[in-house]
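Q: Please take a close look at one chain of this assembly. I would like to know how it takes part in the core and how it meets its partners.

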Amino acid sequence: MRYVDEYRGGEDAGRLLGAIRRTVTKPWVIMEICGGQTHTLIKAGIDRMLPEEITLVHGPGCPVCVTPMRLIDQAIAIARRPEVIFTSFGDMLRVPGSNADLLKVKSEGGDVRIVYSPLDAVKIAHANPGRQVVFFAVGFETTAPANAMAVWRAERAGVENFSVLCSHVLVPPAMEAILGSPDHRVQGFLAAGHVCTVMGYWQYEPIADRHRIPVIVTGFEPLDLIQGTYMAIAALEEGRHGVENQYSRSVTREGNTAAQQLMTEVFETADREWRGIGVIPGSGYRLRESFTAFDASLRFDVADIEATESEECIAGLIMQGIERPSACPAFGTRCTPEKPLGAPMVSSEGACAAYYQYGRS
Amino acid sequence: MRGLLPIRAQLMANDTDPDLSGGMACPIPISDYPTVQLAHGGGGRLSQMLIEEMFVAAFDNPVLAQLHDGAILDIGANRLALSTDSYVVHPLFFPGGDIGSLAVHGTVNDVAMCGARPIALSAGFIIEEGLPMEDLWRIVRSMSDAAHGAGVAVVTGDTKVVDRGKGDGIYINTTGIGVIGDDVEISPHRARPGDVVLLSGAIAVHGITIMSVREGLEFETRLETDSAALHTLTAALLERRGRDVHVLRDPTRGGVASTLNEIAAQAGVGIRLDEEPIPIDEEVRGACEILGFDPLYVANEGKCIAIVAREAADELLQTMRGHPLGARAAIVGEVVEEHPGKVFLRSRIGGLRVVDMLSGEQLPRIC
Amino acid sequence: MCLGVPGQVVEVSTDVLGMSMGRVSFGGVVKEVCLAYTSDVQVGEYVIVHVGFAISKIDEEEAGKVFELLRQMGELEELDVPQPEA
C-alpha cells in the first residue's frame, strides 16, 4: 500500500534510530498525545529500540478512554430502549459503564450496531423510519467534521428519527491542563497528526511559546514516530522550542478549513469532563442551539444520569503522563481486558490495553 | 449436546441461588459472567477459559485433556481421529463459499490436523422455520460437492427445525473420523525448542471476506474465502517426513496468533515469529488497515501451520509449495526455550513485541 | 485516536444533496468515502480517510522529504542498524 509500506522499512528506521542515538546526551521525557501513536510505538516495538535516555509517556488522545462513565451509562440507558437502534464505532462497545457495557446490552437483546461512518448511521435512520436511531458521537477534532456532517445532513434531509449522543473533546486545552499540573514531567510533545490535519497547528504555537517546549506534529507509521522523536530530541538538545511539522504530507498550518467551517456551524465549544481527569474548561464541543433537536440526551431524557469511577483506577494519572500502566497496582490482576476497571484497558488505543496486549511490564 | 444439559441445569440453579450447595459448583465465577457472552465462543481468552474450566473439568479424561483439534482414539490395532465442529456463520452465503462447504472443509481439516486421513462425516442440521427451500438445497449441494472433492462420504445425519426467530437460518454440525498412519505422532505437546514454524499461505483471507459482506461494514473486494480441505496437503507432508512433523493446526477462529499461543501454552515452549515473511494479500492488508484489525487474529479456513523438526524444514517447505494449496508457504518462525507459553514477534522494523491471546472478539477500530 | 488510512481515489461523484462523494481504494479494497472536505481532489490522487471522510489530500512532494533526509544521512554517516534487545 502506497504511503504505508514505505514508512515501515527496517533499514530506514535503523538509520533514524542511529541518528537519535548520536543526538541524545541526557534523559528526556516526551509525550505522544494520540492513542493511535501509542499503539504503533508498542506494536512495532519502537519503545524497546529507543535509547534508554528517552522516556515516552502516553497522552490522553484516546476518545474511548476519556469519554466519561456518566456518558457510557447514558448510552446504555438509551440502547436498552426497545424503539432504539444504537449505533457506534466498534471501540466504544467494550468500555465499562457503572454496571455494564454496550456489548452486554447487545447480548441482552438490545439493537446495538457497529458502523464504519456516522453517515452509515444516518442511512440506517433513513431506512428505519419507525425506529429511533442514535449515534454515539465521540471523538477528537479529527472525528468532529464527520459527526457534524451526519447531523447537518440529517437536518437537511429531514431525518427526524436520528440523533446523536455527543462527547467531543479537544486537544489543546488538554495539553494546557497537563502542562499546568504541578506533577507533570513532559518536556516535549508529539502532537497528533490527524487532529492537526483537520485543525492545523497554529493553535499549538502559543502553547509551545508559553511553556518553552517543542511540539512536533507527528504521523502514525513507525517511521513517522521515529522521525518525530528524532525532531523532538534534536530540538530539546539544542534548547529550541516551537512547533515543527513531521507529518507535512497531510498537515498544513491552517488545517482543513472546509471541515472547520462545518464543525463551527454545528458545534460550539463547551466545558467537558474527561474520564479520570475531570472537567477541563473549553475542552469539548456540544451541539449548537439550532441543532439541539438532534441531541439524544435531551430526546431520551438521560442527561441527569450520574456515575462514579472505580477508586482504584489510575487512568487519569496515566493519561496525563504522570504514571505508566505498569505502575498501577491493579494492572493485569484486578484490571484486565476481560474485567476492566477503566477504559484504557479496553480501548484498542488505550495505554493499558497496549501494555497488556503487547507485553510491557 | 445432550451431555451438556445437566451442567446447564446446574448453572441455572446456581444463577438464581448462589448459595445452593451440593452437586457440582459452576467453575466459571458467576459474579464475573452470569450469562454467556459472544466472546466465550470467539476463540480467544474467554473461549479458552470456558473450555478448560467448564468442559474439560466436567468431562475430564486423558483424551480430551490433550486439547487438540480432535480426539485420537486407540481402537484395537488402529488409531482413529474423531473431531466435531458446529457452523454458525452469518451471512450463510459469502464470496467463494457458504456454510455448507465450510462445514465440510472445517471438519475435514480438524481430522487432518490430527495427522489422519479423513474417511467419513456426519451432518446435523438445525434449521430455522422459514428458511427458503432453495437456500437449503444450495447449501446441501455445496456440502455434497465439497465432500466429493475431499473424497469423504457424509454417512449419517440429523435434522431439527426450530421456531422462526430462534436460529440464524441454519446451523450445521459435522463430525468426522479418520485413520492415523503408523509412524505419525501429531500433538501440540511435541513442539520443542529448535523446531521451525511453517505456514501454508496468505493469512486472514476468510475472516476479511466475511467482514466484507457484514451489514454496516461492507466494502468492495475481489477477495473470496480460502475455505478448502487441507488433508491432501497434510498427507503430503506426512508422507515425505512423517516423524519430523510434530504439530499440525489450522488457524481458524482467533487466527494465527491465538493458535500459536495455544501451542506455546500446551507445549510449555516459546514461539518467535517474524513479521516480514508472513504471507498476506494486499487487499487483506488494506481491509485490516481500514477496520483497524490485526491480521494475525483474523480467521483462516484453508491454511495450515506445521511445526516441524529443523532439519526437515526446507524439504517440508518445498513439499508444501509443491501442493496447490501451499504455493505461498513460508517459514515464519521458530520454537524457542525462552519465554515459555508466550509468542513474540519481530516487527518489520526490527522491534520486538508480545503477540498475546486475543481477548474477546476483534471489533472494528475506528477511532 | 483517529485511525486515518491513505487510499487512492478511483471515482468522484455528487450525491442527491449535492455533496461530493467518491470511491477510494485501500490496497484494492474499495469503500465509499465522503469527499466534501477535499473537494478539489482528482481521480488517482491519494487522500487520508477517517471514518468514511477524506480529511486531507496527501502532498506527494512533502511525503518524500523524510526519504530525502534519510538519503542525506546515508551519505553523511555510516549505516547504523540497531540491535534490539531479545
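A: What follows deals with chain A, first in the core and then at its two sides, with a short note on chain C. This is a predicted model, in which local features need pLDDT of at least 70 and side-chain atom pairs count only at pLDDT 80 or more, while totals for chains, interfaces and linings use all residues. Residues are numbered from 1 along each chain as its sequence is written, and chains are lettered from A and ligands numbered from 1 in the order in which they are written.

A nonpolar core here is a set of buried Ala, Val, Leu, Ile, Met, Phe, Trp, Tyr and Cys residues joined through C-beta atoms within 7 Å; buried means 20 or more other C-beta atoms within 10 Å of the residue's own, with C-beta atoms placed from the backbone. The largest such core has 257 residues, and those touching the most other members are A:V151, A:L165, A:F189, A:A191, B:L198, B:A306 and C:A54. Helix 11 (residues 222-238) of chain A gives this core its largest share, 9 residues; helices (H or I, at least four residues) and strands (E, at least two) are DSSP runs numbered from the N terminus. The core lies between domain 1 (78-182) and domain 2 (188-354) of chain B, because both give residues to it; the domain bounds come from an automatic or database domain assignment.

A:A191 can be followed further. Beyond its neighbours within four places in sequence, A:A191 is in contact (C-beta atoms, placed from the backbone, within 7 Å) with A:I33, A:C196, A:Y201, A:Y204, A:V215, A:I216, A:V217 and A:T218.

Toward chain C, the contact takes 47 residues from chain A and 35 from chain C. Several helices of chain A give two or more residues to this side, including helix 2 (35-43), helix 7 (144-156) and helix 11, and helix 1 gives the largest share, 6 residues. The residues on this side of chain A comprise 24 nonpolar, 15 polar and 8 charged, where Ala, Val, Leu, Ile, Met, Phe, Trp, Tyr, Cys and Pro count as nonpolar, Asp, Glu, Lys and Arg as charged, and the others, Gly among them, as polar. The partner, chain C, has 2 helices and 5 strands, in the order β-β-β-β-β-α-α from the N terminus.

Toward chain B, 37 residues of chain A meet 29 of chain B. On the chain B side, helix 9 gives the most, with 4 residues, and the residues divide into 10 nonpolar, 10 polar and 9 charged.

Terms used: Buried ≥ 20, exposed ≤ 12 C-beta atoms within 10 Å, placed from the backbone. Contact = placed C-beta atoms within 7 Å.
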